Amino acid sequence: AELGYEWSELFLLGAVEVTILWALLRPLEALFPVERWADHAATRVDVIYTLLARLGILPIFFFIILQPAVDSLHAELRLHDIIPPNLEDLIPALQNRTWLALFAYLLLFDLLDYWRHRGEHSFRRWWALHSVHHSQRQMTFWSDEREHLLGQAIAALLRALLALAIGVPPAQFLTVTLATGALESLSHANIRMSFGRVGDRILVSPLFHRTHHALHHNQTCNLATVFPLWDILFGTANFSRLYSPTGIDDQQNYGNSFWQQQWLGLKRLLS
């Protein structure tokens, strides 16, 4: 019953978020597109990925799979009198400052996502999974959640371990997840938009992230999800002003169906 209540909450929040994003971003893609396509068939599968992720289906699946391992680790730590400290205990200035604490959690999760994303581009077998995401040559705001299930499971486990390590309250975790998802949808949108030379150094824009997805280009740049700060600090920032086509050089026929793409990603992983 508790799991059903949590899923219902995720479903409703996800449905509201997807509706708002569609209402805001789809008109912008129609008015200010980087590319226009006669046939949008390749983008339809990305809608399925988005609905699976944002309506709580995949999060609940990963919760069922990963939660026993996380609970076991938590119990083992407590058995040895090791209680993971809350971030607000480690940094007293965050106590009773909800918005400041929320920003701190967002910053830490974004740092984790940066290094996880960098790993996806650095290790051949991890890239075999992540290449499903980069194979889309008709990138739209729906493309954010286009990921292999195994890659999503790894990301979910890493985020769960970080949440456990710093004691993220459930409400803060959900807020950070929703905020990050909305910003990622914007950054993948087929919109001719940047935040300017200064703004692109503060928040990841559609132009900044499109450079990361650029076809015939070094895609180990612009790896940040929310804050370009990490790319600047770790030397992976590219502030090109060009709106390039998207895709990957080793393009294979990933197919237009969810299961075809999942199978090819798994086959490349095992090859």
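Q: What does "buried" mean here, and what share of the 271 residues of the protein chain falls in that class?
A: Buried means under 20% relative accessible area, exposed means over 50%, and partly exposed is what sits in between. Keep in mind that this is a predicted model. With that cut-off, the buried share of the 271 residues in the protein chain comes to 45%.

Q: How many helices and strands does the protein chain have?
A: Reading along the sequence, you just get α after α: α-α-α-α-α-α-α-α-α-α-α-α. In numbers, the protein chain has twelve helices and zero strands.

Q: What radius of gyration does the protein chain have, next to that of a compact globule with 271 residues?
A: The C-alpha atoms fill a box of roughly 60 × 40 × 35 Å along the principal axes. For 271 residues, a compact globule would come out near 18 Å. The chain agrees with that, with a radius of gyration of 19 Å.

Q: What percentage of the contacts with a separation of 6 or more joins residues 24 or more positions apart?
A: Take the contacts in the protein chain whose partners have a sequence separation of 6 or more. Those between residues 24 or more positions apart account for 72%.

Q: How much of the area that the protein chain exposes comes from carbon and sulfur atoms?
A: The chain exposes about 13,800 Å². Of that area, carbon and sulfur atoms supply 67%.

Q: At what angle do helix 5 and helix 7 pack, and what is the hand of their crossing?
A: Helix 5 covers residues 98–122 and helix 7 covers residues 149–166, with their axes 11 Å apart. The packing angle is about 145°. As for the hand, the crossing of helix 5 and helix 7 is right-handed.

Q: Which residues of helix 5 and helix 7 meet, and how many are nonpolar, polar and charged?
A: Helix 5 brings Tyr-105, Leu-108, Phe-109, Leu-112, Asp-113 and Arg-116, and these meet Ala-155, Leu-158, Arg-159, Leu-162, Ala-163 and Ile-166 of helix 7. By class, that contact has nine nonpolar, no polar and three charged residues.

Q: Is Ala-156 of helix 7 buried or partly exposed?
A: Ala-156 sits in helix 7, and its C-alpha is 16 Å from that of His-133, 23 residues away in sequence. Its relative accessible area is 23%. Since buried means under 20%, Ala-156 counts as partly exposed.

Q: Where is Asn-222, and is this residue buried or exposed?
A: Asn-222 is in the loop between helix 10 (206–212) and helix 11 (229–233). Its phi is near 50°, a positive value in a residue other than glycine. With a relative accessible area of 0%, Asn-222 is buried.

Q: Why does Leu-264 count as buried?
A: Leu-264 lies in helix 12 (residues 258–270). Buried means under 20% relative accessible area. Leu-264 makes the cut because its relative accessible area is 9%.

Q: How far apart in space are the C-alpha atoms of Glu-76 and Ala-160?
A: Glu-76 belongs to helix 3 (residues 57–79) and is partly exposed, at 42% relative accessibility. Along the chain, Glu-76 and Ala-160 are 84 residues apart. In space, their C-alpha atoms are separated by 16 Å.

Q: What is the C-alpha to C-alpha distance between Gly-196 and Leu-207?
A: Gly-196 is in helix 9 (residues 196–199) and counts as partly exposed at 25% relative accessibility. Gly-196 and Leu-207 are eleven residues apart in sequence. C-alpha to C-alpha, the distance is 9.7 Å.

Conventions: Residues are numbered from 1 along each chain as its sequence is written. This is a predicted model: local features need pLDDT of at least 70, side-chain atom pairs count only at pLDDT 80 or more; totals for chains, interfaces and linings use all residues. Side-chain values use heavy atoms; hydrogens and water are left out. Axes are lines fitted to C-alpha atoms, for helices over the stretch in contact, and angles run from 0 to 180 degrees between N-to-C directions. Helices (H or I, at least four residues) and strands (E, at least two) are DSSP runs, numbered from the N terminus. A crossing is left-handed if the near helix is turned anticlockwise from the far one by less than a right angle, and right-handed if clockwise. Contact means heavy atoms within 4.5 Å. Ala, Val, Leu, Ile, Met, Phe, Trp, Tyr, Cys and Pro count as nonpolar, Asp, Glu, Lys and Arg as charged, and the others, Gly among them, as polar. The radius of gyration is taken over C-alpha atoms; the globule rule is 2.2 Å times the number of residues to the power 0.38. Buried means under 20% relative accessible area, exposed over 50%, partly exposed in between (1.4 Å probe, protein chains only). Accessible areas come from the Shrake-Rupley method with a 1.4 Å probe; for residues, only the protein chains shown count as cover.
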